[in-house]
Every structure is written in C-alpha cells, then in structure tokens.
Amino acid sequence: MARWSLAVGGPPLSFDEVFASDGDVVLDIGFGGGEALIEMAELRPLEHVIGVDVHTPGVAAVLEAIEARGMRNVRVVEGDVIELFDRIPPASLSAVRIFFPDPWPKRRQRGRRLVRPDVMSRMVPLVRALGTIHIVTDCSNYAVQIAHVCGDHAGLVGGVVDRPH
C-alpha cells in the first residue's frame, strides 16, 4: 500500500513524480474487483492509471496484481473520488473511466449516483482537451440520467456509442 497507493487528501499531484515518467494519465473510478483496470493497464503499459475505489478487497486485489505482475503504471486510491478531485491538476487527465457505477436503484438513493451535474462540473475540467470520459452502465434508467447529465454539460461533446461486440 505504501509503495503503490496515493492518499485521497493532500497537495496537488504531479503525475511526472507519481509515475516517475511522463505519459497519459487515466482516472479509473470505481474499479470494483479490479479485473478491467488490471487487464487494460497490462494491454496499455505506456498509459498511467490511477484507480479509485472505496472497496477494500478490490483495492487489495489491484495492489496484489501490481506486485505479482510487475505493473509500474498503476496507482491506487482507497477512498472517495470526489475528495481526490482536489489533488488532480486541471486539464491533466487524458481519460476518465467509469465502468458500471453503482446504480443506486431505489428512487430515494438516486442522489448518491456518481454521474450527476455537481460531480461532472468538477470532473470535466480535470480532463484535457480532446480527452475522453467513458461511462458504461447496464441500468437503463441510469443510462438515461447519464445521457442527460453529459448532454447538458457545455464542456462535453460526443454522445452515446453502440455497445461493442
């Protein structure tokens, strides 16, 4: 943990120092068990990944993979990504990945969903020009919410893409 993790709070991050090299930095939010994060980091070794999750077993799984597979392009943050936003310099991320965020399906819980206007207003300025925000969900009403929130944000262009095979 001491070697491969970053604290949620603290001074602004210098990605050149964090990764000891320059390169594209991707923020992977809510990686769960870490399977997709690990696979993508292995397939894209020149891409630096900061994975953020509150799920301790998932954090441990990613840390174990970093050590076992010799992955030097991954760092892990255990905690709330919204707090981490304060440490990320503006326009410094090449991409943000949010794969299958918790849909909080009950109507009274929907305010907890990650993709909402207040969060996007903090996240979008962290992504550089021509960067990407890739969000995937299998919850139809959350997909509608995501499309509206992203569609209403002046800093975003693009839209819904078809599910790949």
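1. Two strands are taken to pair if DSSP finds at least two bridges between them. In this predicted model, strands β1 (residues 25–29) and β4 (residues 93–99) satisfy that criterion, being joined in the parallel sense over four bridges. Within this pairing, D28 has R97 of β4 as its bridge partner.

2. The β1–β4 pair belongs to an open sheet of five strands, whose order is β3-β2-β1-β4-β5 and whose pairing is parallel. The edge positions are taken by β3 (74–78) and β5 (127–136); each has a single partner strand, so one side of each is left without a neighbour in the sheet. From one strand to the next, the twist averages 15°.

3. Helix packing on the sheet may be noted for α3. This helix, residues 56–69, lies across β2 (48–53) and β3, and its direction is at about 160° to that of β3.

4. The largest pocket holds about 1500 Å³ of space. It is lined by 44 residues, of which I133, H134, I135, G159 and V161 are the closest to the pocket centre. Two or more lining residues come from each of β1, α2 (35–43), β4, β5 and α6 (140–152). The edge strand β5 gives the most to this lining, with ten residues. By class, the lining of the largest pocket comprises 25 nonpolar, ten polar and nine charged residues.

5. The second largest pocket has a volume of about 460 Å³. Among its 20 lining residues, those closest to the centre are I29, G30, V54, D102 and L114. At least two residues of this lining are supplied by each of β2, α4 (81–84) and β4. The class composition of the lining is eleven nonpolar, three polar and six charged residues. Strand β4 thus appears in the description of both pockets, as a contributor to the largest and to the second largest.

6. Electrostatic pairing deserves a separate remark. Side chains of opposite charge can pair when their charged atoms come close. Over the whole structure, a search finds seven salt bridges. One of them joins R128 and D24, with the closest N and O atoms 3.0 Å apart. This pair links distant parts of the chain: R128 is in strand β5, whereas D24 is in the loop between α1 (15–19) and β1, and 104 residues separate the two.

Terms used: Residues numbered from 1 in each chain as written. Predicted model: local features only at pLDDT ≥ 70, side-chain atom pairs only at ≥ 80, totals over all residues. Heavy atoms only, no water. Axes fitted to C-alpha atoms, helices over the stretch in contact; angles between N-to-C directions. Contact = heavy atoms within 4.5 Å. 1 Å grid on protein atoms, 1.4 Å probe; cavity = no way out; pocket = protein on both sides within 12 Å on 5 of 7 lines; lining within 4 Å. Points joined across faces, edges and corners; volume = space filled by probe spheres on them. Nonpolar A, V, L, I, M, F, W, Y, C, P; charged D, E, K, R; others polar. Salt bridge = Lys/Arg side-chain N within 4 Å of Asp/Glu carboxyl O.
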